[in-house]
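Visitor: Could you take me through one part of this model up close? I'd like to hear what sits around it, and how far to trust it.

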Amino acid sequence: MLVDLGEDPERDGLRKTPERASRAWQFFTRGYTMSVEAIVGDAIFDIDHNDMVLTRDIDISSLCEHHLLPFFGKAHIAYAPNGLCHGELEEPMNSFAKL
């Protein structure tokens with residue numbers, strides 16, 4: 001890709017760019033390699049009510065698989081807990097966004 005952009009991949013500032021880009025893409029797509037258990041962990045606990053649970057303005061980022069470009073936004077989650085509540089929704093939301 002660097003050559004296609006007219007760059008010299010051997011110049012000082014670009015020599016390690018392929019490795020850096022590879023690590024970045026692994027981060028952008030890390031949700032593909034994670035299990036639900038690893039994402040959710042032990043953050044689910046029992047509660048004694050069924051009132052709606054709402055978490056707003058969760059920062060998310062993901063990758064457009066068509067253009068291979070990252071995008072960013074906000075997500076909101078609302079659910080009826082049915083006796084179970086998830087204590088931390090930000091990390092699961094961001095992990096699932098990277099699927």
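**A close look at helix α3**

Guide: Let's start with trust, as this is a predicted model. The protein chain has a mean pLDDT of 84, with 99% of its residues at 70 or more. Within that chain, α3 is where confidence is lowest, at a mean of 74, while helix α1 (residues 17-28) has the highest, at 89. Keep that in mind as we go.

Now to the helix. α3 covers residues 90-97, and its buried residues are Pro 92, Asn 94, Ser 95 and Ala 97. What lies over them? The cover includes α2 (36-40), β2 (53-64) and β4 (84-86).

Take the β2 side, and pick out Ser 61, which is in that strand. Is Ser 61 buried or exposed? Its relative accessibility is 16%, and the cut-off for buried is under 20%, so Ser 61 counts as buried. Leaving out residues up to four places away in sequence, Ser 61 touches Asn 94, Ala 97 and Lys 98, and also Phe 71 and Phe 72. Two of the names there, Asn 94 and Ala 97, are buried residues of α3.

Come at it from the helix and you get the matching view: setting aside neighbours within four places in sequence, Ala 97 is in contact with Ile 60, Ser 61 and Ser 62.

Ala 97 also has a place in the largest nonpolar core, which has 10 residues in all. Ile 60, one of the contacts of Ala 97, is in that core too, and other members include Ile 47, Val 53, Ile 58, Ala 75, Ile 77, Tyr 79, Cys 85 and Leu 89. The elements giving two or more residues to this core are β2 and β3 (69-79). As a general point, nonpolar side chains in soluble globular proteins tend to be buried together.

For contrast, hop over to α1, where the confidence is highest. The aromatic pairs come to two. One of them is Trp 25 with Phe 28, edge-to-face, at 5.6 Å centre to centre and 85° between the planes. Both residues lie in α1, three residues apart, or about one turn of the helix. An α-helix has 3.6 residues a turn, so residues three or four places apart point the same way. Trp 25 counts as partly exposed because its relative accessibility is 31%, and Phe 28 is partly exposed as well, with a relative accessible area of 24%. Add Phe 27, and the three form one aromatic cluster.

Conventions: Residues are numbered from 1 along each chain as its sequence is written. This is a predicted model: local features need pLDDT of at least 70, side-chain atom pairs count only at pLDDT 80 or more; totals for chains, interfaces and linings use all residues. Side-chain values use heavy atoms; hydrogens and water are left out. Buried means under 20% relative accessible area, exposed over 50%, partly exposed in between (1.4 Å probe, protein chains only). Helices (H or I, at least four residues) and strands (E, at least two) are DSSP runs, numbered from the N terminus. Contact means heavy atoms within 4.5 Å. pLDDT is the predictor's confidence in each residue, from 0 to 100. A nonpolar core is a set of buried Ala, Val, Leu, Ile, Met, Phe, Trp, Tyr and Cys residues joined through side-chain atoms within 4.5 Å. Rings of Phe, Tyr and Trp (its six-membered ring) pair if their centres lie within 6.5 Å; planes under 30 degrees apart count as stacked, over 60 as edge-to-face and the rest as tilted.
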